[in-house]
Amino acid sequence: MQPIPSSTPAPKDMRDFLARLEAAGEVVDVTCEVDADLEVAEIHRRVVAADGPVLRFQRVKGARFPLVTNLFGTRRRVEMAFGSRPQAVIARAAKLPEELLPPTLGKLWAQRDLFGALAKVGLKHRARGPVTEVVERPALASLPALKTWPRDGGRFVTLPLVHTRHPATHGPNLGMYRGQIFGDDALGVHMQIGKGGGFHLMEAEARGEALPVQVYVGGPPALIMGAIAPLPENVPELLLTSLMLGEKVPLCDNPAGPIPLVASAEFAIVGEIAPGARRPEGPFGDHYGYYSETHDYPWMQVKAVCRRKDAIWPATVVGKPRQEDFYLGDFLQEMLSPLFPVVMPAVRDLWSYGETGYHSLSAAVVRERYRREAMASAFRILGEGQLSLTKFLLVVDKPIDLRDFKGVLQHILERCDFRTDLYLFGNLSMDSLDYAGPKVNEGGKGVLLGLGDKKRELPREFRGALPPGVRRVEVYCPGALVVEGPSFDDDMQAAQALVRHERFRDWPLLVLCDDARRFAKSSVNFLWGTFTRFNPSSDIHASKSELVVNHASFHPPILIDARMKPWYPKELYADDTTKRLVDTRWSEYFPSGKVAMGDSDRGHLD
């Protein structure tokens, strides 16, 4: 039994975290004036691409508050924010049913450190807190919120922690839904229907009621982790926040709304969403690496802004991987991984790939104690909370390192029989930010099994002349060949022709793309380029397909058409004017010369 480490307590609020980062030499101050419209985001992206420090901007044009970005942009800083204790507590709690039953005094005594940790989980209430030191009329235009990409529809709150309550049960939800600033007292709330806040809004509108909303910006890092965690709908995110803090979450009276406030937040934007309140929101350069386009989303009428006297505004910038959100997402998966076998007993391990935006691709190690038990686990995963947004799922039954995607793919290609192991489903719900389907929120899903022992040796080198129309091929891994062919605009039927070409008959998997060298250069490139650019129900092709007793049977090679399609949003790139501005001012931002400049357009892509 692993003891719960008595590590340094988690930061109690954002400024506690900042103080620790500063003491560790992780913070750089930018004292010259900068513009929240594109300039700050371009500085941030270049620093993230170079694995650089936290940035504290002291003077943001037109804003009343300092701005801090890149709080979580390296693995080290994420570990400083959360430490090892929460994961140890969760791992011990996950094993409690098997280690405690049948209960004895000895077993109970052995778990005393765990019970002590769990006893600190909860909420505590007081009349006032730092977040209510100032309560003022809304003036959202004076906040240093960022416009991050050239086509963005305006400035956005990019680290918003949206707190709502179910109108009937009063159960709370804390989620991260971006917020577009429409005016001093109007804030967009990008609530998707498949998320907890969206369910609360749907219930409020069914009752003809406004939904009270408060948006925290800043606070303990644990508050952010609670908001992004894929917890079951009936599990309050503030309990995970409390567990990570190692103490009860402090709440205080709300002077402008009915829901108590998290006392240690920097800001709380308080208001409500009226029934049917919608307006066009976006575009916004999103974490998939493309723009999410303009659609109608809820907006809140802001009644007041509560804040600390010396409040600091935190922000992040998302885009092509890997950005700051990648480090948070991977840490969260590691922390929650001991719970997967508890919630889904036949699932031994599960990993979602941040390089694909997380929802586009997951892989699982499952038990296969009887034939096709693996599919029962696949359906279980695809029906679990936010995992239900998974677009493609890879399933194995041997213990392998799921983070090594190239190894996972080779393992599956050595074992799968596409005729019986590939399942494609159409006409399903899809992540709202994934535009590969026929409509927003709609698309297909796929499951590929790679079970049992190795069945075949895989080709490792392409030999011979290229088929007509193919400009280049690159081997990504044994059995997987990246094919650069005509663009979709030039030949939308190229996928069907190439998958049947005799030159490719020995390759189980082909990926058709616009730039083979770029796709095959690294796993980050391959994952991002492939899995964000295809819809399983329409963009997977086989050399032959047939119905066998109503089962769609696919014969290899299998080809994924990952070319850019005309209806896809554009890939994110910074504009030339902003790039030149940042090039010119770099030494002004960082006169010490010690902050490296990365390539903002590439992120961590090669």
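Me: Is Phe392 buried or exposed?
Reply: This is a predicted model, so everything here is read from computed coordinates. Phe392 has a relative accessible area of 6%. Buried means under 20%, so the word for Phe392 is buried.

Me: Which kind of pair do the rings of Phe392 and Phe531 make?
Reply: Their centres are 6.4 Å apart and their planes stand at 55°. Stacked needs planes under 30 degrees apart and edge-to-face needs over 60. The angle of 55° fits neither, so the pair of Phe392 and Phe531 is tilted.

Me: How many residues apart in sequence are the parts that this pair of Phe392 and Phe531 ties together?
Reply: Phe392 sits in strand 22, residues 392–396, while Phe531 belongs to helix 17, residues 523–531. Phe531 is buried too, with a relative accessible area of 6%. The pair links parts whose separation in sequence is 139 residues.

Me: What about Trp567 and Tyr568: which kind of aromatic pair do they form?
Reply: Tyr568 is buried at 9% relative accessible area, whereas Trp567 is partly exposed at 46%. Their rings lie 5.8 Å centre to centre, with 90° between the planes. An angle over 60 degrees counts as edge-to-face, so that's the name for Trp567 and Tyr568: edge-to-face.

Me: Which strands stand at the edges of the open sheet with the order 20-21-22-24-23?
Reply: Five strands make up this sheet, and the pairing is mixed. An edge strand here has a single partner, so one of its sides is left without a neighbour in the sheet. That description goes with strand 20 (347–352) and strand 23 (422–429).

Me: And which residue is the bridge partner of Leu422 in strand 24?
Reply: Strand 23 and strand 24 (residues 442–450) run antiparallel, joined by six bridges. In strand 24, Leu422 is matched with Leu448.

Me: Which residue takes a positive phi in the hairpin of strand 25 and strand 26?
Reply: Strand 25 (residues 472–477) and strand 26 (residues 480–484) run antiparallel with five bridges between them, and Arg472 stands opposite Glu484. Two residues lie between the strands. The positive phi, near 90°, belongs to Gly479.

Me: How are helix 8 and helix 10 oriented to each other?
Reply: Helix 8 (residues 221–228) and helix 10 (residues 324–336) pack with their axes 11 Å apart, at an angle of about 75°. The residues in their contact are seven nonpolar, with no polar and no charged ones. Since 65 to 115 degrees counts as roughly perpendicular, helix 8 and helix 10 are roughly perpendicular.

Definitions and conventions: Residues numbered from 1 in each chain as written. Predicted model: local features only at pLDDT ≥ 70, side-chain atom pairs only at ≥ 80, totals over all residues. Heavy atoms only, no water. Axes fitted to C-alpha atoms, helices over the stretch in contact; angles between N-to-C directions. Helix = DSSP H or I, 4+ residues; strand = E, 2+ residues; numbered from the N terminus. Parallel < 35°, antiparallel > 145°, perpendicular 65-115°, else oblique. Nonpolar A, V, L, I, M, F, W, Y, C, P; charged D, E, K, R; others polar. Pairing = 2+ DSSP bridges. Phe/Tyr/Trp six-rings, centres within 6.5 Å; stacked < 30°, edge-to-face > 60°. Buried < 20%, exposed > 50% of the residue type's maximum accessible area, 1.4 Å probe, protein only.
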